[in-house]
Amino acid sequence: MIEESKRGFFSQYRKELEQYIQDRFLLIQLQASEKLAKLIALFFILILFGFLFFFVLLFLSIMAGYYFAAITGSLYTGFGIVTGSYLCLLGILFLSRKWFNKKIINSVIGIFFEKNNEEDEKRK
């Protein structure tokens with residue numbers, strides 16, 4: 001008698017359980033796609049800003065090279081000063097690459113594990 005009631009219980013709620021599992025799987029897919037979309041958007045925005053920053057820096061570097069060339073009286077010395085400053089910046093970036101790496105990793109993890117406002121409200 002107990003066995004029959006267990007079978008009846010599971011057969012009665014089997015379709016509801018299957019629907020719940022499918023809905024839960026769909027929710028996980030939607031949340032993952034939202035987080036991936038945020039990462040891709042952030043990636044493209046950073047590339048766009050980086051591209052624009054590159055051109056601004058390029059033209060400022062040319063201007064600085066000619067400025068230092070006018071001050072020193074030598075084109076090679078003027079652009080050499082600009083090149084030397086970039087080599088110093090490259091050294092600083094090389095030494096602090098672990099810090100930048102941690103910041104990027106923390107940003108990506110933050111995007112993946114941020115909670116939705118709706119989830120927070122439901123759990124409270």
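Helices in this account are DSSP runs of H or I at least four residues long, numbered from the N terminus. With that in hand, the second largest pocket of this predicted model draws the largest share of its lining, five residues, from helix 1.

The pocket is a convenient place to start a tour of the structure. About 170 Å³ of space lies within the second largest pocket. Its walls are formed by L39, L42, F43, L46 and I47, together with K103, I104, S107 and V108. Two elements, helix 1 and helix 3 (97–113), each contribute at least two residues to this lining. In chemical character, the lining of the second largest pocket comprises seven nonpolar residues, one polar residue and one charged residue.

Helix 1 also carries charged side chains that are worth a closer look. Side chains of opposite charge can pair when their charged atoms come close. With a salt bridge taken as a side-chain nitrogen of Lys or Arg within 4 Å of a carboxyl oxygen of Asp or Glu, the model has two salt bridges.

One of the two pairs joins E18 to R14, with 3.1 Å between the closest N and O atoms. Both residues belong to helix 1 (residues 2–72), where a spacing of four residues places E18 and R14 about one turn of the helix apart. The two partners can be described by their accessibility as well. R14 is exposed, at a relative accessible area of 54%, while E18, at 38%, is partly exposed.

The other pair links K38 with E34, and here the closest N and O atoms are 4.0 Å apart. K38 and E34 are separated by about one helical turn because they sit four residues apart in helix 1. As for accessibility, K38 has a relative accessible area of 35% and is partly exposed. E34 is likewise partly exposed, with a relative accessibility of 34%.

A further lysine of helix 1, K35, completes the picture. Is K35 buried or exposed? Its relative accessible area is 11%, and K35 counts as buried because this value falls under the 20% cut-off. Leaving aside residues up to four places away in sequence, K35 touches I111, F112 and E114.

Taken together, these results follow helix 1 from the salt bridge between E18 and R14, through buried K35 and the salt bridge between K38 and E34, to the pocket lining that includes L39 and I47.

Notes: Residues numbered from 1 in each chain as written. Predicted model: local features only at pLDDT ≥ 70, side-chain atom pairs only at ≥ 80, totals over all residues. Heavy atoms only, no water. Buried < 20%, exposed > 50% of the residue type's maximum accessible area, 1.4 Å probe, protein only. 1 Å grid on protein atoms, 1.4 Å probe; cavity = no way out; pocket = protein on both sides within 12 Å on 5 of 7 lines; lining within 4 Å. Points joined across faces, edges and corners; volume = space filled by probe spheres on them. Nonpolar A, V, L, I, M, F, W, Y, C, P; charged D, E, K, R; others polar. Contact = heavy atoms within 4.5 Å.
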